[in-house]
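Biologist: I've got the sequence and the structure open side by side. Can we go through how the chains meet?

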Amino acid sequence: MSNENKLPDPSAIKEEILAKYPPKIARKRAKSMVINDPELDQQIQSNVRTIPGIITQRGCTYAGCKGVVLGPTRDIVNLVHGPIGCSFYAWLTRRNQTDPDEQVEGGDNYMNYAFSTDMQDDNIVFGGEKKLAQAIQEAYDIFKPKAIGVFSTCPVGLIGDDVHAVSREMKEKLGDCNVFGFSCEGYKGVSQSAGHHIANNQLFRHVIGLDDTEPKHKYNVNLLGEYNIGGDGFEIDRIFKKCGINIICTFSGNSTMDKFANSHMADLNLVMCHRSINYMAEMQETKFGIPWFKVNFIGAESTAKAMRKIGEYFEDDELKARIEEVIAEEMPSVKEAVAKAKLKSDGKVAMLFVGGSRAHHYQELFGELGMQTVSAGYEFGHRDDYEGRKVLPTIKVDADSRNIEEIKVEKDETRYSPRASEEKLEALKEKGLEISDYRGMAPDMADQSLIVDDITHWETEKLIDFYKPDIFCAGIKEKYVVQKSGIPLKQLHSYDYGGPYAGFEGAKNFYADIEKILSTSIWKKIKAPWLNKETDPCICAEYVA
Amino acid sequence: MLLRHTPKEVSERKALTVNPAKTCQPVGAMYAALGVHGCLPHSHGSQGCCSYHRSALTRHYKDPIMAGTSSFTEGSSVFGGQSNLLQALANMFTIYNPDLVAIHSTCLSETIGDDLAQIVKKATDDGKVPEGKKVIYCNTPSYVGSHVTGFSNMVTGIVKGLVEHTGEAKDQVNIIPGWVEPSDMKEMKGIAARLGANIVMFPDTDGVVDTPQTGEFKMYPDGGAKVEDIATSGDSIKTLACGKWASEGAAKWLDSNCKVPFETLDIPIGLGATDRFVEALANAAKVTIPDSFISERGRLVDVITDMSQYLHGKKVALFGDPDQLIPMTEFLLDLDMIPTAVVSGTPGKAFTQKIKELCAEKAPNVNVANGERADMFLLHQWIKNEPVDLLIGNTYGKYIARDEDIPFIRHGFPIVDRIGHSYFPTVGYNGGIRLLEKMLGAVMDRQDRDAEECKFELVM
């Protein structure tokens, strides 16, 4: 997507931004702000500690574990062990849609509930394990769930409550309920990212592989890193169904425990959000022999490309033909929609500071609208999300990353079966299918675009002044800050309660929503008319006497 | 059914909270700190807390909520957060140039025992706080009390940190408005102005979380209680603390440290509480209540007399914060409505007692709970056992309202799916009319919706 037109050189504004910082901070921030040259292998500093007091976009490990990864699973009771707040703030705020009636009318759905041990000061002093065990028992007695996940919050780690031991005991006691814990205290790691890793590990340890039932369908895949915000997952499901591809499990939009348990029976893993879930793909590959590749369903062209990749992988002409048919069916209305939106959007400029993959994915959608991303960055990305997986061996593991458990995964003696031979994978790679790879965001961005990791509020303000973007994409904390400066902000975590934006229908929704934003009249009426007159030379001019 | 697993049978729970009717202290502290002009709130703990609190407040107010965080990592949790806080203060003053920083703790920094007083002193001694700038602080352990407690602790932190007691009496009354909306604070200031009472109000988020769109982002909006005004509150004639839970702490501090006597009042929601507020303020400020107040009050009474048939005898379930629920319950009783279930997650025995006292005559069977495990799950079970005509509470009530098909009005914190709370007060006589309008709207919409075609009427 890199544009032939060079963007304005941001070197001066970068220096201006850094000049405000105390020297030590400036040196650190300089490494996290890279003026992109897609031809070069540039190194960016990321996944390092947030500087205290800089006003960051970032959240915590608990948010990544409970909020992002486990939150969208409907039939598990997600019990938060800690004071009330942590459970409260993660209660329905991520808008993961789920369809509990999909399989059985009246299926289990605990998504609308917030469960907490509501720790009090005496639990902090004397320990909260007893209260936790009791809360698990009560949750079981009232709700009879098939699983209970226990999430550790900051004070739990400090006082040393062993959530894993309590979970083990209760699992044994209850008999028919899978109880397991997550050491996802908020202070671990440097962002939400650590929480994703912890969530992946525990799902892999406690759930994946529990059900060896053979899938009934022909082409079986898992979709990893799709959380069904605004119904994205539903739209992707629709496309897959149309093509005759069976999604065994989506991690973790619209997911259930049973789907997780059976997911190791898939032929292929498709990775959407690389940052949150590459661990799961790798572990399933090592243990069960399931290959994975990166896909992107954000953007109609990307969706078509991803579907074709799946066709290539299965090497089945009938499937490939079906995929082409579906693309041909879907595309005309997409083209029509984009042509209409483009009248407003062509040539406009966007900035994206969000998440750990979306800042990359959404550039494709903007590209389809003829809009260029001048500056982008991740809230909790790692170097490989920017620079591609080739840098994995060179990433320095610091103390903060070392605190996150790496689980040792080995080939499952009985169940490991390579779904594709080495030769086949090599052949596919030669065809351009990036098996077990992700090239990162930087190569897809324009020359001289500015990449900023963990952007601060100060940098946001200065860069808005510099680029004067037509649209800024970030989250709820940034929304009104940016809008008060007269720039519309599109939330890309909650989609401003729009969506879906994935797949073909999603792309159409996105085009329409961006068109709506770009043609919203009020932005031109922000200044009171009498203020405009002052700067209007025609009105200010006086007759010469 | 969205809450399909909530059984009608109420079983005793000793450890499990489901769907809390409260949240944790720091979010309240952050909101209170925003009510001081030029203040940058700061959360001392993991950055997730700050992120969640900023998000929660942003969703409710739909306005920028700026705050810093100490961004603890595992190391700071073990070795203490002093160096993070010192660095944060230096960075915030250098980069963001606030007049003052208001620090609140979190369960993390509380558990490791960080001493905010000592760290702030060190920051000052080390020159990390520029000349003329201030740092105030309070302790807000999340495992004690609720968001209301946190609000109260920060209000106390504000007076402790900013009041300069000169001993020279000043002809003014302090009003601590409690955890209310910016619109409510504006209305209380309006009442004082119409009375001709000289007041100092803090915190005051009017003009801070309801800022105008002018095309210019202001990190420190024009509103908020001025530091120099708060400083004089130690010399005031009296403090009116609205809401025992949110405001009494600071009022007591002013009493014991500056000899400013205080009176704890209900937040002026509804007829009775507003009457008491107006009288108390007039008495304290030594002004006569002008006749215009007879008209102002009379309009609220007029609407009640005109429309009471629609509300009379209607059963109501409500949940939220004690300072809000007490005058709201009193108002419902004044309207001859019947509170049947009242729940607040915020602890304090006085709450249950007070609601029972209020309801003793007209609604003796009211179910009341507060504190631990007084949650919306329990409220929902009570509603299943005794259906109601109206539900009042924050946005989370919409799940119960939909499942049980109950008319619902949003009141309290957080309201994330409607607007109005920032702009239209529910306090004072005018606020009473707004509340009535909302209740009547909900109840009459239901009557219209359910009416058979032959009974559907134009004039109601």
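Biologist: Which strand of chain A is joined to β1(B), and how do the two run?

Modeller: Bear in mind that this is a predicted model. Look at residues 115–116 of chain A, which form strand β3. There, Ser116(A) stands opposite Thr17(B) in β1(B). The join has 2 bridges, and the strand is β3 of chain A, with the two running antiparallel.

Biologist: What is the strand order of the open sheet that holds β1(B)?

Modeller: Start from the edges, β5 (178–182) of chain A and β1 of chain B, each of which pairs on one side only. At the chain A edge, β4 (residues 147–152) and β5(A) pair in the parallel sense over 5 bridges, and Ala147(A) stands opposite Asn178(A) there. The pairing in this open sheet of 5 strands is mixed, and the order is β5(A)-β4(A)-β2(A)-β3(A)-β1(B).

Biologist: How much area do chain B and chain A bury between them?

Modeller: The contact takes 74 residues from chain B and 81 residues from chain A. Of the buried area, 62% is on carbon and sulfur atoms. The total comes to about 6800 Å².

Biologist: And how many salt bridges cross the interface of chain B and chain A?

Modeller: Side chains of opposite charge can pair when their charged atoms come close. Take Asp101(A) and Arg4(B): their closest N and O atoms are 3.4 Å apart, and they form a salt bridge, the cut-off being 4 Å. Across the whole structure, over all chains, the search finds 64. Across this interface, the number is 4.

Biologist: Which element gives the largest share of the side of chain B that touches chain A?

Modeller: Several elements give two or more residues to that side, including α2 (47–61), α4 (82–96) and α15 (376–385) of chain B. The largest share is 10 residues, and it comes from α2(B).

Biologist: Now inside chain A: how far apart in the chain are Lys431(A) and Glu312(A)?

Modeller: These two form a salt bridge, with the closest N and O atoms 3.1 Å apart. Lys431(A) sits in the loop between α18 (422–430) and β12 (450–452), while Glu312(A) is in helix α13 (residues 300–314). The pair links distant parts of the chain, and the separation is 119 residues.

Biologist: What ipTM does the model score?

Modeller: For chain B, 100% of the residues reach a pLDDT of 70 or more, and the mean is 98. The model's pTM is 0.97, and its ipTM is 0.98.

Technical notes
Residues are numbered from 1 along each chain as its sequence is written. Chains are lettered from A and ligands numbered from 1 in the order in which they are written. This is a predicted model: local features need pLDDT of at least 70, side-chain atom pairs count only at pLDDT 80 or more; totals for chains, interfaces and linings use all residues. Side-chain values use heavy atoms; hydrogens and water are left out. Contact means heavy atoms within 4.5 Å. Buried area is the accessible area (1.4 Å probe) that two parts lose on being put together, summed over both. A salt bridge is a side-chain nitrogen of Lys or Arg within 4 Å of a carboxyl oxygen of Asp or Glu. Helices (H or I, at least four residues) and strands (E, at least two) are DSSP runs, numbered from the N terminus. Two strands pair if DSSP finds at least two bridges between them. pLDDT is the predictor's confidence in each residue, from 0 to 100.
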